[in-house]
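Reader: I would like a close look at one part of this model, the loops, and in particular at residues whose backbone or surroundings call for a second glance. Please begin with a residue that you can place well, and then carry on from there.

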Amino acid sequence: MAKTDVTALGELLIDFTNNGDSAQGNPMFEANPGGAPCNVLAMLQKCGKKTAFIGKVGDDQFGKMLKATIEDIGIDSQYLMMDKDVRTTLAFVHKLPDGDREFSFYRNPGADMMINESEITEDMLSDTKIFHFGTLSMTHEGARKATLKAVELAKKNGALISLDPNLRPPLWGNMEDAKEQMLKAISLCDVLKISDNEIQFVTGLDDYDEGIAKIREMFNTPIIFLTMGADGSRVYYKDYRIEAAGFKQDEIVDTTGAGDTFCGSVLSKILELGIEDLSETQIKEMITFANAAASLVTKKKGAIRSMPDVEDVMCIMHKK
């Protein structure tokens, strides 16, 4: 029996989020622990699951803060490596007028990019039920090889493979490479969580249903979750196409981590139910819960320390 529910590999970084202006009129930024794979694990921890993280941070002030943070919330950090030569990756989050975000990354290189194939060992992935990853660990060759080795070892040991592509254009040398690596990653996964703009990018199709149909035709992915921001989400599974509306919040503070909260929420249900024989009711409940959780995380800054409690998610589900 697997000792770990979900093991994730990828970036662990600092998201600097605007926190108003100083008395001198200068913008102030709050250092929020982040990075999509660990955001997902943070939500899984809230759901009572056992998680572990594989990655690399700098042996610096921010790296030590990140290690302490994930340990504090219960994520197993034994496979978090500290690099003495390369600094922890930083991301500055800029909020746009429509509530969306854009990112400025300080990652040339960043420690998360420096993980390599030789550092991925079988014992890291011998006892996990789900292995989760994104494509930020596939932007450069060394980390890409490490990611693919981890997927291979996880598959060999019977884990389900979960993917959130998490497209960040500034981190790719060119967008054709981004598309190629995203498709490679999708070809390897059992569970795909993909956003509306990502399905359009990777397939070249504007219609979401047509884009998903193309992915299913290419790779026969067992279950696909499509997130559409405030408009909610859809699931494509066997002959089902099931949609659930989003939960509107009066005040959105920061949308960073909403998709990761959704992803952690659905993975927690997949751990309980599997993906072999899900009913329409189970799927609808799964994404309704995930939509509600994702809406709650937007009420706070950052992601890892902002994940909602299950009780709070259930509360807003029942109010609707």
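Author: Lys238 is a good place to begin: in this predicted model, its relative accessible area is 45%, so Lys238 is classed as partly exposed. The class follows because buried is kept for values under 20% and exposed for values over 50%. Lys238 sits in the loop that runs between strand 12 (233–237) and strand 13 (240–244). Its backbone deserves the second glance: phi is positive, about 50 degrees, although Lys238 is not a glycine.

Asn166 also has a positive phi, near 50 degrees, and is a residue other than glycine. Its loop lies between strand 9 (160–163) and helix 4 (175–188). The relative accessibility of Asn166 is 10%, so this residue counts as buried.

The loop between strand 7 (101–106) and strand 8 (128–133) holds Pro109. The peptide bond that joins Asn108 to Pro109 is cis, with omega at about 0 degrees.

Asp112 is also placed in the loop between strand 7 and strand 8. With a relative accessibility of 5%, Asp112 counts as buried, because the limit for that class is 20%. What surrounds Asp112, once its neighbours within four places in sequence are left aside? Its contacts are then Glu11, Leu12, Lys56, Thr89, Arg107 and Ala143. With one of these, Thr89, the side chain of Asp112 makes a polar contact of 2.3 Å.

A pair of helices can be added for comparison with the loops. Helix 7 (residues 258–273) and helix 8 (residues 280–297) have axes that come within 8 Å and cross at roughly 145 degrees. Their crossing is right-handed. On the side of helix 7, the contact is made by Ala258, Thr261, Phe262, Ser265, Val266, Lys269, Ile270 and Leu273. Helix 8 contributes Gln282, Met286, Ile287, Phe289, Ala290, Asn291, Ala293, Ala294 and Val297. Sorted by class, the residues in this contact are 12 nonpolar, four polar and one charged.

To return to the loops, Asn166 is buried, whereas Lys238 is partly exposed. Asp112 is buried as well, and a polar contact joins its side chain to that of Thr89.

Technical notes
Residues are numbered from 1 along each chain as its sequence is written. This is a predicted model: local features need pLDDT of at least 70, side-chain atom pairs count only at pLDDT 80 or more; totals for chains, interfaces and linings use all residues. Side-chain values use heavy atoms; hydrogens and water are left out. Axes are lines fitted to C-alpha atoms, for helices over the stretch in contact, and angles run from 0 to 180 degrees between N-to-C directions. Helices (H or I, at least four residues) and strands (E, at least two) are DSSP runs, numbered from the N terminus. A crossing is left-handed if the near helix is turned anticlockwise from the far one by less than a right angle, and right-handed if clockwise. Contact means heavy atoms within 4.5 Å. Ala, Val, Leu, Ile, Met, Phe, Trp, Tyr, Cys and Pro count as nonpolar, Asp, Glu, Lys and Arg as charged, and the others, Gly among them, as polar. Buried means under 20% relative accessible area, exposed over 50%, partly exposed in between (1.4 Å probe, protein chains only). A polar contact is a pair of N or O atoms within 3.5 Å; within protein, one must be able to donate a hydrogen and the other to accept it, and residues adjacent in sequence count only if both atoms are side-chain atoms.
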